[in-house]
Structures are given as C-alpha cells and as structure tokens.
Amino acid sequence: MQWKIVTFATVLLQILVVITNASGSPLLDKTVSSYNRASVTDYRLPTNVKPVHYKITLNPLIEDLDPRTFTGEVQIRVKIIEETDSITLHYNDLSINTISVNRINTETDIAVYHEYDNITHFCTIRINKVENEDVEETFKTNEEYIITINYLGYHRVDMYGFYRSSYKDENGDTVWLATTQFEPGNARRAFPCFDEPAFKATFEISILRKRNLQAISNMPRKNDGNQLYDNFETTRVMPTYLIAFIVSDFVALENDTENFKVWARKGAIEQAQYSFEIGPSLLHAIEEFLLDFKYPMPKMDEVAVPDFSAGAMENWGLTTYRERIILYDKDHATAGTKQQIATVVAHEFAHQWFGDLVSPEWWNYLWLNEGFATYFESFATDMVERDWRLREQFVVRDLQSALAADALSTSHPITQFVDSPNSIRSIFDTISYEKAGSVIRMMEHFLTTEVFKEGLKRYLQIRQYSNANEEHLYDAMNEKFLSTKPELYEDVAKIMHTWTRQPGYPVLTITSEEENQLTITQNLLCTIPDFHKHPFVI
C-alpha cells in the first residue's frame, strides 16, 4: 500500500493508525502462536479452588557437614469456588509423608487420599468415600478448608527450588547456606502449593533456627521472642514464585531510615557499598516516575548469592543477585560493571510494582513484567546516574538487539501462548525483555510522557494485589489518551495489538517525490515460515 501526506509532523502517529487499521481484529492468544505450539498436555490447574493463606514451617540444612535435605509442613487455607470432588495443586521433587484436610466451619476432619502426576506435577486430593460414609462426598461451594501436608524436601545443587549453595571462608573451609529461586515454576520444590501466578495468597513463614545461621524472607522478622524459630510477618497478597527465604551466615549493610539492607558473605560485604548507596535512590526514582506511587513493601533486602542461576530475581522485598552483578570492587572493576549493577538493581526494583504488586494472569503476559523492568532499568537509573546518558544507550543496547532478534525465524509474538514448563522458560528472552521494553518506550512516545505516567499509575491502582493481562494496561491508558484529541487518536489496544500479537516489525521506506510530499511504503520483516497466514503487510 502506498499513501501520501502533505506534512511530516504527524507521520509517526498516523503510521501507527494505519498499521492498526490495516491489521483488522487482533489475533487471539492461542491463534497468534499456533505455529510453534506442540504441547497437548494440560498443565494448567483447575480454577474451582482458590488458595487464601499459607502457613509454612521449614527445618532446613538438616545434615551438618553435607546438607542435602529439609523437612516442612504447609497448611493451606483454601476456598471452594465451585463444588468439586477433588482439589489439585502442585509439588515436585518432594517426598510426601501425610496429607490431611479439615473443613473449617464444622471443624470436621475429612479422610482423603491423593494421586500424583510426575509430568504436570499435579497432586490431586480426593475424598476417601469409604472412610467418609457420613460426610458429604464433595468439597462445597464457598466453604473453606485447611489442607495440611508434611513432607521431606531436597536441597539440590541445580540452583532451583530451595537449593544449597556454599563458599569458602578465610580458612578455606566450606560454609553452606540454603537459598531459593522459584520463578517461573519451582516454588513447588520447596512446599506444595498452587504454583501459578494467578493464584495469589498471603504467606506466613517460620524457619527453624540453625547454629550460627539466620533466616531472612520477604517480610520483616517478627519480634516475638521465639528462641527456636525465625517467624516472619504475614506477606501481602502475592504469587508463589515471588516467595523467598535464605538461611546463611551472611552479614549486612543497614540503612534503618530506609529499611534497606544489602547482604553478602563476610569477606565480600565491603564490595556491596555501591549497591547499598544507590538502592534507595533507585526506589525513590521509580516512585517519582509513577507520580508518587509508593513502594508497597515495609522493607527491601538485597542479597549476593554465591551460586545463582539467574542474573537476579525480583522476590518481593528480598531481591537476589549473582555476586558479580551486585558487588563492585571500585579498585579493579570497570565503569561498565558499575553501570550493570545500577541497571540490574533498577530492573529488579521496577518489578516490585510490575510483576509483584500487579502480576500477570499467566505467563503469556510475561512482558508486562519484563518489558517494564527493561524500560525502567534505563529510565529509572538515568534519573539517578545522570551522566551515563542511559536514555540514549537504550536505543543501542535494547532496541537494536530487539530488532536483530525479531528478524530471526526463532522470534515470537510479545504476547505468546505458553503452557508447559519448557515453553514458559523459553520466552525469557530478548522478545519478552528488550522488544517489549522498546515497544513500551514507543507507547510512551505516542501517548506523551504525561499520559503514559498517569496511565501507569492508574493501571497499578486498579490492578494492585491482583493480576493483569495486556488489555488492563491499555484500558488504563485509554481514559486520558482518548480524551485528549479523540478525532485524531486510535484506541491504544488497536495500536498495541499489532505490535504485541505477531512477530516481526514493519519496515518503512520513505521517499520524497514532490515538494512537501512523501511516499511511505510499509512491509513486515518476519522470516517465520508460513506466518503469511496471519496477514500484516499493507
């Protein structure tokens, strides 16, 4: 398609409008990525049961010299949304000792048995009708039950779940610690749970004290005088993948005014000074950008972990990092290392709002977490370290890498249908991070920064302590956007769907043919075989 315009002032906005109009109705999530969908197993939990509250008690690092196991008990209060004869949740790599169920309003113990699927990690709890002759044969709508599970767990060394790590002290002796990495689906390796982001609940965590070690978790430790357990305050409503706890002999730099700490092994704590100094400033920068939407947790701990699979993790109120991404030796490290530390910290802190406070309905919308975190790692850090020109660096570092990845046959839509654990892990990639961050930056540009900031704050206010999909974001943006110049602007969703629901990107060829006239030709750059079945070229 070719079209002409008289002036260049509205080229970018009208390009967005034309792309939208040419694309027609947005593709459905399952349709847009059907070309690479291979799974036939249903990995999603039923939605007829909702977790309300977890009480988790752990005894970690049982063996002294070579700790490999832990024991645990979890009590899950659940509410029945729709009458059912079974309750299904997750566990993986745990040895279950006992499962019991109690109906709360009648204080009735219900005899149950369970079945396990080692592919989906489903634990299905069913009423034992033989032993419950005088009890209802189903779990009743709107009733609440307590599920109590006792189990044995394993501190693996693969850096997932509740795993073990170690370092050498100044004497060369091995010092063991236990730490966690749960995203996207490994909380089930630490305690049985409803391990999907939409199943938010509150959590109450207790960890048995070990000699010379202390525990930290998402929330502050209770000042209850308990000599046996470290008991932590009840969390905000949150998903399982953001729960974290660490049992170690680490020491901390502390800012009591900000309720901010950075933890590391004793021999490395001096190198935590830069992250300790910049951390509170980055939190305040994000608050300022979000029009004074305050950090929603009572404290922030950062932890340098010796063995860590991810670069960093946004556990709510307890962010974890590889040592080299949080520790800075000013006498030997480069300026690039210092910048990496600041931007990674900003990335994880942005998640405290985008992902933690508002979590995705499902991993299809991973980009609502990672795209915003990628955006803020440059734009929030730029508000603190103003000499680094990170706004300009974003174009080179993030946008250009996104264009390169999006031109490959391995690309996928930003909003990508996933179901199995492998497919979920596969989209933690350049598309969900850099491309999504670049499209969010583009959205800011066509909305204007003022409208963008107001829309983000509205999105967070409406969806806080809940879940979201991309439509919730666009609805929050539309209220101010459509009221500005309704005769010119398109609905935000219509514009954004063309960027989030198909791979590739438009290539625009602009030629000057006559005075004050331009000809613009657009084609889609996408090398995925057969993707022409989802037409986009205009």
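A salt bridge is a side-chain nitrogen of Lys or Arg within 4 Å of a carboxyl oxygen of Asp or Glu. I start the notebook with that term, then look up the pairs.

**Entry 1: ground rules**

I am working on a predicted model, where local features need pLDDT of at least 70, side-chain atom pairs count only at pLDDT 80 or more, and totals for chains, interfaces and linings use all residues. Residues are numbered from 1 along each chain as its sequence is written, and side-chain values use heavy atoms, with hydrogens and water left out.

**Entry 2: salt bridges**

I looked up the total, and the structure holds 24 salt bridges. I took three pairs from them.

The side chains of Glu83 and Lys140 meet in one, at 3.2 Å from N to O. This pair links distant parts of the chain, 57 residues apart: Glu83 sits in the loop between β3 and β4 (86–90), and Lys140 in the loop between β8 (122–127) and β9 (144–154). Helices (H or I, at least four residues) and strands (E, at least two) are DSSP runs, numbered from the N terminus. I then checked accessibility, where buried means under 20% relative accessible area, exposed over 50%, and partly exposed in between (1.4 Å probe, protein chains only). Glu83 is partly exposed at 41%, and Lys140 is partly exposed at 24%.

The second pair is Asp66 with Arg164, whose closest N and O atoms are 2.5 Å apart. Asp66 lies in the loop between β2 and β3 (69–80), Arg164 lies in strand β10 (residues 161–168), and 98 residues separate them. Asp66 is partly exposed, with a relative accessible area of 30%, whereas Arg164 counts as buried at 9%.

The third pair is Arg397 with Glu377, at 3.5 Å from N to O. Arg397 belongs to helix α7 (residues 390–406) and Glu377 to helix α6, 20 residues apart. Arg397 is partly exposed at 29% relative accessibility, and Glu377 is buried at 13%. I also noted that salt bridges sharing partners join Asp66, Arg68 and Arg164 into one network.

**Entry 3: the hairpin at β10**

Arg164 is in strand β10, and I followed that strand to its partner. β10 and β11 pair in the antiparallel sense over 8 bridges; two strands pair if DSSP finds at least two bridges between them. Ser165 has Leu177 in β11 as its bridge partner. The two strands form a hairpin with 5 residues between them, and Gly172 in the turn has a positive phi of about 85 degrees.

Why do I call strand β11 largely enclosed by the rest of the structure? I do so because 6 of the 8 residues of strand β11 (residues 174–181) are buried.

**Entry 4: the nonpolar core**

I looked for nonpolar cores, meaning sets of buried Ala, Val, Leu, Ile, Met, Phe, Trp, Tyr and Cys residues joined through side-chain atoms within 4.5 Å. The largest has 148 residues, and Phe191 and Phe376 have the most contacts inside it. Helix α6 (residues 367–384) gives the most to this core, with 9 residues.

Which residues does Phe376 touch, leaving out those up to four places away in sequence? I found Ile286, Phe289, Leu290, Ala346, Ala350, Phe354, Thr381 and Leu456. Contact here means heavy atoms within 4.5 Å.

**Entry 5: cysteines**

A disulfide is a covalent bond between the sulfur atoms of two cysteines. The test is a pair of cysteine sulfur atoms within 2.5 Å. I searched the whole structure and found 0 disulfides. Cys123 is buried, with a relative accessible area of 0%, and Cys193 is buried at 0% as well.

**Entry 6: two buried polar residues in loops**

Arg501 is in the loop between α12 (492–500) and β23 (505–514). At 9% relative accessibility, Arg501 is buried. I looked for polar contacts, which are pairs of N or O atoms within 3.5 Å; within protein, one must be able to donate a hydrogen and the other to accept it, and residues adjacent in sequence count only if both atoms are side-chain atoms. The Arg501 side chain makes one with the side chain of Glu470 at 3.0 Å and one with the side chain of Glu471 at 3.0 Å.

Asn48 is in the loop between α2 (29–32) and β2 (49–59). Is Asn48 buried or exposed? I enter Asn48 as buried, at 19% relative accessibility. A polar contact of 3.3 Å joins its side chain to that of Thr84. Apart from residues up to four places away in sequence, Asn48 touches Lys79, Ile80, Ile81, Glu82 and Thr84.
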